[in-house]
Amino acid sequence: MIRVSKSWVHGALMASGTVSHDVPLIAQHPLPDTISALRPDWGPPLHLGPYLDVWRRIDAGEPVKVLLSVPPRHWKSQTTICGLARAIARNPERRNVYATYGEDLSRTASRTCRRYVRDRMKVPLSSEANRLDDWATIY
């Protein structure tokens with residue numbers, strides 16, 4: 001069962017749908033298609049329908065606060081990382097936050113997201129803010 005609650009601020013989901021630059025093609029598609037493009041070994045995570053709806057609301061510009069409760073190994077982290085990479089590509093000047101319960105998991109997620117943003121979506125990253133725990137685009 002997937003529960004989506006509005007009681008917890010998840011900074012990665014505090015996105016607006018505004019676009020101020022040329023959006024990479026991979027980020028122009030709905031999130032399930034972007035996930036399939038970034039992770040061709042997966043199909044779209046349609047079993048996370050309520051969570052995908054949250055990202056549709058973000059695309060529409062709605063400020064969203066979310067608590068996601070899903071059992072382990074159900075693609076919630078990878079869906080969040082792909083969604084965050086897509087949100088960064090769509091609006092690279094906005095600050096985002098991704099937090100997990102463990103530092104190692106946060107660093108791995110950051111590394112993966114940064115690779116998607118830089119290598120797959122071709123968003124230029126700042127050379128001044130390039131640590132795993134603090135990186136930024138040039139915008």
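This report describes the overall fold, two helix packings and the surroundings of one histidine in a predicted model.

**Chain and confidence**

The protein chain contains 5 helices and 4 strands. From the N terminus onward, these elements follow the order β-α-α-α-β-α-α-β-β. Of the 139 residues in the chain, 41% are buried. Among contacts with a separation of 6 or more, 72% join residues 24 or more positions apart.

The mean pLDDT of the chain is 82, and 85% of the residues reach 70 or more. Residues 1-19 have pLDDT below 50, and in the model this stretch has 62 contacts beyond near neighbours in sequence.

**Helix packing**

Helix 4 takes part in two packings, one with helix 5 and one with helix 2. The geometry of each is set out below.

| Helix pair | Angle between axes | Axis separation |
|---|---|---|
| Helix 4 and helix 5 | about 40° | 9 Å |
| Helix 2 and helix 4 | roughly 105° | within 10 Å |

Helix 4 spans residues 76-90 and helix 5 spans residues 103-120. Their angle of about 40° makes helix 4 oblique to helix 5. The crossing of helix 4 with helix 5 is right-handed. On the helix 4 side, the contact is formed by Gln78, Ile81, Cys82, Leu84, Ala85 and Ile88. Helix 5 contributes Ala109, Thr112, Cys113, Tyr116 and Val117. By class, the residues of this contact are 9 nonpolar and 2 polar, with no charged residue.

Helix 2 and helix 4 cross at roughly 105°, and helix 2 is therefore roughly perpendicular to helix 4. Here Leu31, Thr34, Ile35 and Leu38 of helix 2 meet Thr79, Cys82, Gly83 and Arg86 of helix 4. This contact consists of 4 nonpolar, 3 polar and 1 charged residues. Cys82 of helix 4 appears in the contact with helix 5 and also in the contact with helix 2.

**His29**

His29 lies in the loop between helix 1 (25-28) and helix 2 (31-38). Its relative accessibility is 37%, so His29 counts as partly exposed. Leaving aside residues up to four places away in sequence, His29 touches Thr34 and Arg86. Both of these partners also belong to the contact between helix 2 and helix 4, Thr34 on helix 2 and Arg86 on helix 4. His29 and Arg86 are 57 residues apart along the chain, and their C-alpha atoms are separated by 9.3 Å.

Notes: Residues are numbered from 1 along each chain as its sequence is written. This is a predicted model: local features need pLDDT of at least 70, side-chain atom pairs count only at pLDDT 80 or more; totals for chains, interfaces and linings use all residues. Side-chain values use heavy atoms; hydrogens and water are left out. Buried means under 20% relative accessible area, exposed over 50%, partly exposed in between (1.4 Å probe, protein chains only). Contact means heavy atoms within 4.5 Å. Axes are lines fitted to C-alpha atoms, for helices over the stretch in contact, and angles run from 0 to 180 degrees between N-to-C directions. Angles under 35 degrees count as roughly parallel, over 145 as roughly antiparallel, 65 to 115 as roughly perpendicular and the rest as oblique. A crossing is left-handed if the near helix is turned anticlockwise from the far one by less than a right angle, and right-handed if clockwise. Ala, Val, Leu, Ile, Met, Phe, Trp, Tyr, Cys and Pro count as nonpolar, Asp, Glu, Lys and Arg as charged, and the others, Gly among them, as polar. pLDDT is the predictor's confidence in each residue, from 0 to 100.
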